[in-house]
Amino acid sequence: MAAAGKADARVPTYARAVVLLPAALFVWFSTMIPAVSGGAVLTWEIAWLPQLGIAFGFIVDGLSLLFALLITGIGTFILLYASEYMRGYPQVDRFTLFLVAFMLSMLGLVLSDNLIVLFVFWELTTITSFLLIGYTHEDAAARRSALQGLFVTAAGGLAMLAGFILLGQAAGTYSLREILADPGGLVGHPDYLVILILILCGAFTKSAQFPFHFWLPNAMAAPTPVSAYLHSATMVKAGVFLLARLTPVLGDTEVWMATLTIFGAVTTVYASAIALTRTDLKQVLAYTTVMALGACVMFLGAPTRAEAGEPSIGLIAAVTFVFVHALYKAALFMVAGNIDHEAGTRELPQLGGLRRLMPLSFFAAALAAFSMAGVPPFVGFVGKELLYKGALAWPAEPYVAVAAIVAAKIMMVTAALLVAVVPFFGSAEKLPKRAHEAPWTMWIGPVVLGVVALLGGMLPDLTAEMLLLPAAAAVMGYQPDYEVKLWHGVNIPLLLSVFTVVTGALIFWKRAVLLDALRSAVQRLPLTGDRAYDAVMTWIADLAAWQTRWLQGGVQRRYILVVFVTLGLSVAVTLVARDAVVLPAAFPEASFVEWSVAALIVAATFVTLIADSRLLAICALGVVGAGVALIFLLFGAPDVAMTQLLVETLVVVIVAIVLLKLPDFRGERRPTARGRWRDGLVAGLVGVSTTLVLLAVTAEPPQQAITDYFEETSMPGGFGRNIVNVILVDFRALDTLGEIAVVAVAGVAAYALIMLRPRRRTRPDTAGRPDRKGAAS
Amino acid sequence: MNSLILREATRLLVAMMLVFSVFMLLRGHNEPGGGFIGGLIAAIAFSLYALATDAAAVRRALRADPRKIAAVGLGIAIASGFLGLFFEQAPFLTGQWTEVAGLKVGTPLPFDIGVYLVVVGAVLTVVLGIKEQQADIEEDPIEPEEKL
């Protein structure tokens, strides 16, 4: 994949300049640390849809600040890294745009105060993720992975939206700040369980929890900067973020704790085992990401308050682990990208001996892997101690929790050794190309993140006070009184830690035997999520094909029949069911002119029916249209009449073009006698039901209030005397905008259909076809 | 269609119809007319021109791909709606008015121009598409069994 880049291509200036954006945002968010760690909540809001209680509101509290700093801080290095990594790829401008769009969406997600706004940003991250996974869109596997990620997370997102709406209704507000200010009421609400399940669907799909985890490893089809940024450090944490955000509202119930603990524990153990069976560096890292997400979800299942008034270690551990993981995982992914880029492969069996060839990448990988394995004095050690302490304090079955997290952590140590030792030691003979150190833009990010992981562990109280405890406070709903230290003395978590590292190293040492056994065990798993996804997609495609064959067989007459039968039946059924059939009491009075126009329309309709040439039928239909336009004119609607006449004219012109030029319709069947009866029946159904609707509508006195309003406000409010036009372009301009959008789309769609024709010659100027030449590069 | 009368008459008619369409567009706010009607008239004018001559002549006269015209029109209409957001934080598409030399000028005008362009662009996309496809078929007829 990386080989696609041409070495001699220039790095575009904008790709470098855009790095300043996240850097500036990072500095800006950093200035908020003192206020936020002091317990302040910064807010900013503009009205969007005040009628629905939806405002563009943003809050910066400990939790959102931690995420915002991770997004902008890591984003700075990712954009810098991508400017070099993507050199020579086609459409780098588009890539950069997607990446920045993702970053801003993700920031919006974590800073949103309003549930609906949060959902909008949530889906924006889904869409940008889709575009980025499918960036190399000539590759069928990338397209499939992009669609899979989109379907899985968007399906969860829709469930989550339903959950949000129910939550908003139950709480009486969509503002998170207001919901969090009064968190007590929801747990006992009758809809609590439904809300919880729907929101968990969103969080679990986004954060790749078992059994929805499969899309995340497939998302590794994206270029490495994307994998490092979206699919390890930020976007996949959105689900964890949401759960953390809503913990004070929805948490602390038995069902919350049980669900999160079970799903999280299964995910974390399962994913860490799979991670060891992979040989592709990015796949190993992807599964350890799933493992980390599982651990975060599992620990968010901890109660918000431990017994005896102690703060909940589990929640502090979850927040800390988010921070720890983002640092080392982004660094390791970037190093994996460097290896791929410089050595030409990321298959572990081929890699080796890069220690001397790529010393800085090795340095960064070593720092990150130490943090991942939880070796003191790295921040990863602090995180792991907290996890063990939290698991030991589990309210129910602490031994299960401890066993799960220790098992996962042991395999994590092995995985850390796999990615940091195997590529760098041993022989470099199997490398496909002569490797050398990556440019500075590509090693600076991992080195800085690795050093931060080291400093964060050496100054644990500072990290905790500035970032972690304020974030934990937002999750727990109170300021925790807890001191994060590197050295807690010899206690059970420390012993577990030693056990973890030693066992993990032992597995690594005996990996030839042990991992093969694990691989064959994993292969015997009966059903994977990936296969289940395929089955569901095939079923949906079959269903779509079946209904398309049935309803849209490709014959024009069939389409019209389906449309009119549906229209006629739905109108008729509604009329009868609502008892709305009103027959006029007296024979209507009308002037001679009106009667003449009506007679003209009826006569022209009759001519249309019996016409035996197409031209005559079209002309007669035109007369019907003109008659209708006359009626509009008689009843004082010149704009509508004019539009109607013009449309009729246009139809005649288009039909003239088609009729005069098209060759004979060879083999066209004339309708049979039975077909004519059927058509007549359908036409009668539609005609009668439409007439009845019009009679029912006109039987009611017209709503004068609306007309009066427009007549009164048209001149002072819209500065126009033509009310129809003022309505079109001002009062109801949004409707018009929708209509012209439909017109434009219909035009383009019709054009595509017209151009759909087997061609013998290939013309270079053929419009509307994607340029396939880019595929070769 | 090869008719001398139609071709010569069209030359005159098209010019008049186009001027009339702009007239209809501009007067629409106070008298019957507006972007939709004006756009339809312009579309008819160009369709007539296509009928009398060929699609290439219409494309030359338009100077831009009709699909682009429709897209630009949609863009203008959307952009006009954002002005209100910037000036007074009013909801999207709130009309903004100002007076230039005693004449009321407001965002509904660019919006209406957008409507006009979308209608012209979309209709001509279809008309020219049909026209060109026919020329193609005449040059290179498809056998019935080849039809999809």
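Here is a short chat about reading strands and aromatic rings in a predicted model.

Colleague: Let's start with the strands. In which sense do strand E1 and strand E2 of chain A pair, and over how many bridges?

Modeller: A general idea to keep in mind: along a regular strand, side chains alternate between the two faces of the sheet. Here, E1 (residues 42-49) and E2 (residues 54-60) of chain A run antiparallel, with 7 bridges between them. For one pairing, look at Trp44(A): its bridge partner in E2(A) is Phe58(A). The hairpin has 4 residues between the strands, and Gly53(A) takes a positive phi near 70°.

Colleague: Which residues form one aromatic cluster with Trp44(A)?

Modeller: Phe56(A), Phe58(A) and Phe121(A) join Trp44(A) in that cluster.

Colleague: How do I read a pair of aromatic rings, and what is the case for Phe102(A) and Tyr229(A)?

Modeller: You describe such a pair by the distance of the centres and the angle of the planes. Searching the whole structure turns up 18 aromatic pairs over all chains. In one of them, Phe102(A) and Tyr229(A) meet edge-to-face, at 5.4 Å centre to centre and 85° between the planes. Phe102(A) belongs to helix H5 and Tyr229(A) to helix H11, so the pair ties together parts 127 residues apart in sequence.

Colleague: Are those two rings buried or exposed?

Modeller: Phe102(A) is buried, at 0% relative accessibility, and Tyr229(A) is buried too, with a relative accessible area of 1%.

Colleague: And charges over rings: where does the charged end of Lys510(A) sit?

Modeller: Over the ring of Trp509(A), 4.5 Å from its centre. Arg511(A) has its charged end over the ring of Phe508(A), 4.2 Å from the centre.

Definitions and conventions: Residues numbered from 1 in each chain as written. Chains lettered and ligands numbered in written order. Predicted model: local features only at pLDDT ≥ 70, side-chain atom pairs only at ≥ 80, totals over all residues. Heavy atoms only, no water. Pairing = 2+ DSSP bridges. Helix = DSSP H or I, 4+ residues; strand = E, 2+ residues; numbered from the N terminus. Phe/Tyr/Trp six-rings, centres within 6.5 Å; stacked < 30°, edge-to-face > 60°. Buried < 20%, exposed > 50% of the residue type's maximum accessible area, 1.4 Å probe, protein only. Lys NZ or Arg CZ within 6 Å of the ring centre and 35° of its normal.
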